[in-house]
Amino acid sequence: MRTASIKYIHDDVALLQSLSVFQRFCAVVEAYGEKTAVTIDGVEYDYDSLLKHVTACAQELLEKGVGEGDVVALVLPNSFDFVVITIATMAINAVLLPLNPRLKPEELQQYLHLTSPKVVFLPPDLRRSVEDMQLNAVLAESFSGVAGKGRTLKGLSQNDAACLPALYMFSSGSTGKSKRITRTQQQVMSEYYALEQTIALKPSDCILCTIPLFHAHGFGNTLMAALMTGSKLVILTQEFSARATVRAMQAQRVTIYPAVPFMFKMIVDTHFKAKPDFDLIRLLVSAGAQLPKDVAEAFFAAFSKPICQLYGSSETGAVCLNLHHPVNKCLSVGRPLKGMAIDILDDHGNRVACEQEGEIWISSPAMTHQYDDLVKLTKECFVENRFFAGDIGYVDAQGDLFITGRKKLMINVAGYKVDPLEIERILKSHPAIDDAVVIGVADPHYGELIKAVVVCSQRDDCSEQKLIAYAASHLAEYKLPRVVEFRDDIPRSPLGKVLRKYLQ
């Protein structure tokens, strides 16, 4: 392994916070170029090789006309292309837009028209649908790996890193429409720095990825966590399998495994002929949905390894992590990462006492400070450099945060945030539906499932199967109602507000 200043890579905080993603990546390559960077379905790429692919991809993007501030959309499953294009996009100061490849064409069209990408990378089965959208964009199924000569990459200057956009993500909420979030190079790096300092990430770590890289949890806590440190990132691309995951943990000598609750439940519910050896695992991180107490306790009983809950959002990245009491306080999401802060406020904006519930407000150098083009909502959710995530909770006497509910209407399906108003709008467009309300109901596997309560004047055209099939033609699979209840009317207050508590 090459010799390099490890202080430069890990300990100089001021320098780290001023670096762009690509500058940081180049520093990691300089120090750890011969180390394995990515193992994907058993194929290994070292950091030197990964940089060559990134450089070729970046040159290809430049040749396709992508410049500073232009958008590169990734509608790809977890893949080597996803990793390479991500770093290459940021290397040329363009903006990455990672999207779920399981979105329906009309959902995808909304996101693409809102962002006007210069290039869209997408699977072959989506190409015809995106062509029909008549975007002014180059469509590609992968990067070629071959680029013209004579172009060089300079990355960002240190002074530019703070202000240039790096990442677009969309967050659902109570507005009926997805909200676009922009995070800068420095905000992305600030999230990485907070995580690195909090969990002591090391080049010797091996991080296993079975969660989607387009999701904030996968992007920040697997992809960035590994490649900005010099760790090894192991990516499994097939549908989640508990057995395949455990085999990879053992064969690849995994030390950190970020996942979502239902993945941990599937592992603990699987019968293994021989008890898995998790001795090398130093951190199991659950995020995206509340970790059920019985899953946490059963996992620890079976494998003697605690699961640590992480709390965050698309707007902020990772915020809190339960490192101190992951077993006897398994329902807690712990304490803020280094450099971040949590306030619990009442309805008048005053801090509440310990053990008292209130709204959770977040302060973080990694967070965005607005919803793009949504001035009113920005004023409601971003106040004095703090963000209201829509969650209710309390902090106990030891300083640990507990999430107890939602103030906004979001439904959390296995880590995917679903806006019930979006589903209601689709259901109400059905000619037989007079009214519809969508709610989340507790589920032991996925945290919540989606339930639709409908008022239907033409019951012959309004069976549960027909309504779910209708929704499936407009919405991604994870947004579909799993239960449909028919009622004569929707309970409402005298002022017309839907009384959701009577719909559970």
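This tour moves from the whole chain to single residues, naming at each stop what to select and what is found there. The model is a predicted one.

**The whole chain**

Begin with the entire protein chain in a cartoon view. The chain holds 15 helices and 25 strands. Its radius of gyration is 23 Å, close to the 23 Å that the globule rule gives for 504 residues, so the chain is as compact as a globular protein of that length. Along the principal axes, the C-alpha atoms fill a box of roughly 70 × 55 × 55 Å.

Next, switch on the surface. The accessible surface amounts to about 21,200 Å², and carbon and sulfur atoms contribute 50% of it. Of the 504 residues, 58% count as buried.

How much of the contact within the chain joins residues 24 or more positions apart? Among contacts with a separation of 6 or more, such pairs account for 64%.

Now colour the charged side chains. There are 52 positive and 57 negative ones, and the centres of the two sets lie 2 Å apart.

**The disulfide**

Select Cys-456 and Cys-462 and show their side chains. A disulfide is a covalent bond between the sulfur atoms of two cysteines. Here a disulfide joins Cys-456 to Cys-462, with a distance of 2.2 Å from S to S. A search of the whole structure finds 1 disulfide. The angle about the S-S bond is 135°, and the link of Cys-456 and Cys-462 is right-handed. Are these two cysteines buried or exposed? Both Cys-456 and Cys-462 are buried.

**Two cysteines outside the disulfide**

Move to Cys-163, which is in no disulfide. The nearest cysteine sulfur belongs to Cys-26 and is 19 Å away. Cys-163 is exposed, because its relative accessible area of 54% is over 50%.

Then select Cys-206, which is likewise in no disulfide. In this case the nearest cysteine sulfur is that of Cys-209, at 11 Å. Cys-206 has 3% relative accessibility, so it counts as buried.

**Strand E10 and Leu-233**

Keep Cys-206 displayed and add Leu-233, which is found in strand E10 (residues 232–235). Leu-233 and Cys-206 are 27 residues apart in sequence, yet their C-alpha atoms are 6.0 Å apart in space. Why does Leu-233 count as buried? Its relative accessibility is 0%, and buried means under 20%.

To see what surrounds this residue, show the side chains of its contacts. Not counting residues up to four places away in sequence, Leu-233 touches Ala-37, Val-38 and Thr-39, then Ile-207 and Cys-209, and also Thr-222, Leu-223 and Ala-226.

**Strand E13 and Cys-308**

Select residues 308–313, which form strand E13, and locate Cys-308 in it. Cys-308 is buried, with a relative accessible area of 5%. Which residues are in contact with Cys-308, leaving aside its neighbours within four places in sequence? They are Leu-283, Leu-284, Val-285 and Ser-286, together with Leu-321, Asn-322, Leu-323 and Pro-326. Add Ala-296 to the selection as well: Cys-308 and Ala-296 are 12 residues apart in sequence, and their C-alpha atoms are 8.8 Å apart.

**Helix H5 and Ala-91**

Turn to helix H5 (residues 80–91), where Ala-91 has its place. Ala-91 is buried, since its relative accessible area is 4% and the limit for buried is under 20%. Draw a distance from its C-alpha atom to that of Thr-55. The two residues are 36 residues apart along the chain, and their C-alpha atoms are separated by 8.4 Å.

**Two loop residues with positive phi**

For the last stops, select two residues in loops. Ser-116 is in the loop between helix H6 (105–115) and strand E5 (119–121). Its phi is near 50°, a positive value in a residue other than glycine. Ser-116 has a relative accessibility of 54%, so it counts as exposed.

Where does Glu-384 lie? Glu-384 is in the loop between strand E18 (382–383) and strand E19 (386–395). Phi of Glu-384 is near 50°, again a positive value in a residue other than glycine. With a relative accessible area of 66%, Glu-384 is exposed.

Key: Residues are numbered from 1 along each chain as its sequence is written. This is a predicted model: local features need pLDDT of at least 70, side-chain atom pairs count only at pLDDT 80 or more; totals for chains, interfaces and linings use all residues. Side-chain values use heavy atoms; hydrogens and water are left out. Helices (H or I, at least four residues) and strands (E, at least two) are DSSP runs, numbered from the N terminus. The radius of gyration is taken over C-alpha atoms; the globule rule is 2.2 Å times the number of residues to the power 0.38. Buried means under 20% relative accessible area, exposed over 50%, partly exposed in between (1.4 Å probe, protein chains only). Contact means heavy atoms within 4.5 Å. Accessible areas come from the Shrake-Rupley method with a 1.4 Å probe; for residues, only the protein chains shown count as cover. Lys and Arg count as positive and Asp and Glu as negative; His and the chain ends are not counted. The place of a charge is taken as NZ of Lys, CZ of Arg, CG of Asp or CD of Glu. A disulfide is a pair of cysteine sulfur atoms within 2.5 Å.
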